[in-house]
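Below are my remarks on the model you sent, set out as numbered points. Please read them with the coordinates open.

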Amino acid sequence: MEQTQASAPGKIILFGEHAVVYGQPAIAAPVTQVRATVTIANSEPAGVRLIAPDLGKAYWLTEAQEHDPLARAVRLVEEATGSTLSQMTVTVRSTIPIASGLGSGAATAAALIRALTRHLSRQDLASDEQVCALAYEVEKIHHGTPSGIDNTVVAYEQPVYFVRQEPKNLIEPFAIAAPLHLLIADTGVRSATRHVVGDVRRQWQAERARFEEMFAACGRIAQAARTALEAGDVMELGALMDENQQWLEAMTVSSAELEKLIATARTAGALGAKLSGAGRGGNMIALVTPETQTSVRQALIKAGAFDVFASTVE
């Protein structure tokens, strides 16, 4: 049986979430410790069978609901190739926690699109740029008005400086001078990005000047963070993470669970800590050193983190 497999990593936003939707720069990096993997296999029955064992789902493409992200990814590939797919089984597995700010939806879409286009021998559509563009269309189901940063990071699989703009987003992969040692701690609280992004938009519409000021401050932090990353200045990065968190709290996208873990990490010796992603649940990130990593991790677990794992960004 002919099979094709592709995968994509999770992601974390280091700086600039929410503000990035409004044209401010953001920095994100892949989390390669967790991945979405898609396997395409030729099969005898007509049609496309979608199987997601982790979710306990198995259904035909023709049975999929209108806003099903897996079906949307398949149909986008059909549109791009001008063909109707059949006699194919698509199996999706993922170790990326859902609704926790780690880019589960974007990674699944990118892996599925890359696997399908490779299976069809369409290497022109399997490029990072094309996978990124198609995955962005799937992101609209998850986020409503996505910035484009999630699909960019998981498709290119490297740290990026990103600015949402017309007619084409600014995407600048860049080199980090020294490895970043991060702890990613899950609050265990699921949070729908689409709802949080929508709520921030409503607040922005009601208090445009105040929110524009907050977004601009986050943009300046992201710019300073890029300079610090390129210089290997981890102390400055930690301070910038703390400052970014203050603005996110002002946007009302933090939560008691996140702030408890953030305070715990700082007290235990983290250089800086903030939420990562949409907020109101999901994950926080803490910048640590190899020497403080174990003690900070133990403190986070003791404080009630649902899960904590280390990630090195290089």
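1. In this predicted model, H195, R202 and A206 are exposed on one side of helix α5, while the buried residues of the helix are V196, V197, V200, Q203 and W204. These buried residues cover an arc of only 120° around the axis, so they fall on the same side of α5. An α-helix has 3.6 residues a turn, so residues three or four places apart point the same way.

2. What do the buried residues of α5 pack against? Their partners are α3, spanning 128-143, and α6, spanning 208-231. As for its geometry, α5 has 14 residues and reaches 20 Å from its first C-alpha to its last, which is close to the 20 Å expected at 1.5 Å a residue.

3. A search of the whole structure gives 3 aromatic pairs, and one of them joins Y22 to W204, whose ring centres are 4.9 Å apart and whose planes stand at 55°. Because that angle lies between the 30 degrees below which planes count as stacked and the 60 above which they count as edge-to-face, the pair of Y22 and W204 is tilted. Y22 belongs to the loop between β1 (3-15) and β2 (26-42), whereas W204 belongs to helix α5, so the pair ties together parts that are 182 residues apart in sequence. Both Y22 and W204 are buried.

4. F211 and F215 also form an aromatic pair, here edge-to-face, at 6.0 Å centre to centre and with 65° between the planes. Both residues lie in helix α6, 4 residues apart, which is about one turn of the helix. F211 is buried with a relative accessible area of 0%, and F215 is buried with a relative accessible area of 1%. Taken together, ring pairs link Y22, W204, F211 and F215 into a cluster.

5. Helix α6 also holds R226. Is this arginine buried or exposed? At 18% relative accessibility R226 counts as buried, since the cut-off for that class is under 20%. Leaving aside residues up to four places away in sequence, R226 touches I27, Y161, E172 and F174.

6. T187 sits in the loop between β8 (180-186) and α5 (193-206), and at 12% relative accessibility it counts as buried. Which backbone atoms does its side chain reach? The side chain of T187 comes to 3.1 Å from the backbone nitrogen of V189, and a polar atom of the same T187 side chain lies 2.9 Å from the backbone oxygen of G282. Not counting residues up to four places away in sequence, T187 touches E257, L258, L261, G281, G282 and F306, so that G282 appears both among these contacts and as the residue whose backbone oxygen lies by the side chain.7. Strand β3 (residues 48-52) and strand β4 (residues 57-60) pair in the antiparallel sense over 4 bridges, with R49 standing opposite W60 in β4. The hairpin of β3 and β4 has 4 residues between the strands, and G56 takes a positive phi near 65° there.

Definitions and conventions: Residues are numbered from 1 along each chain as its sequence is written. This is a predicted model: local features need pLDDT of at least 70, side-chain atom pairs count only at pLDDT 80 or more; totals for chains, interfaces and linings use all residues. Side-chain values use heavy atoms; hydrogens and water are left out. Helices (H or I, at least four residues) and strands (E, at least two) are DSSP runs, numbered from the N terminus. Buried means under 20% relative accessible area, exposed over 50%, partly exposed in between (1.4 Å probe, protein chains only). A polar contact is a pair of N or O atoms within 3.5 Å; within protein, one must be able to donate a hydrogen and the other to accept it, and residues adjacent in sequence count only if both atoms are side-chain atoms. Contact means heavy atoms within 4.5 Å. Two strands pair if DSSP finds at least two bridges between them. The expected span of a helix is 1.5 Å times one less than its number of residues. The arc is that of the directions from the helix axis to the C-beta atoms. Rings of Phe, Tyr and Trp (its six-membered ring) pair if their centres lie within 6.5 Å; planes under 30 degrees apart count as stacked, over 60 as edge-to-face and the rest as tilted.
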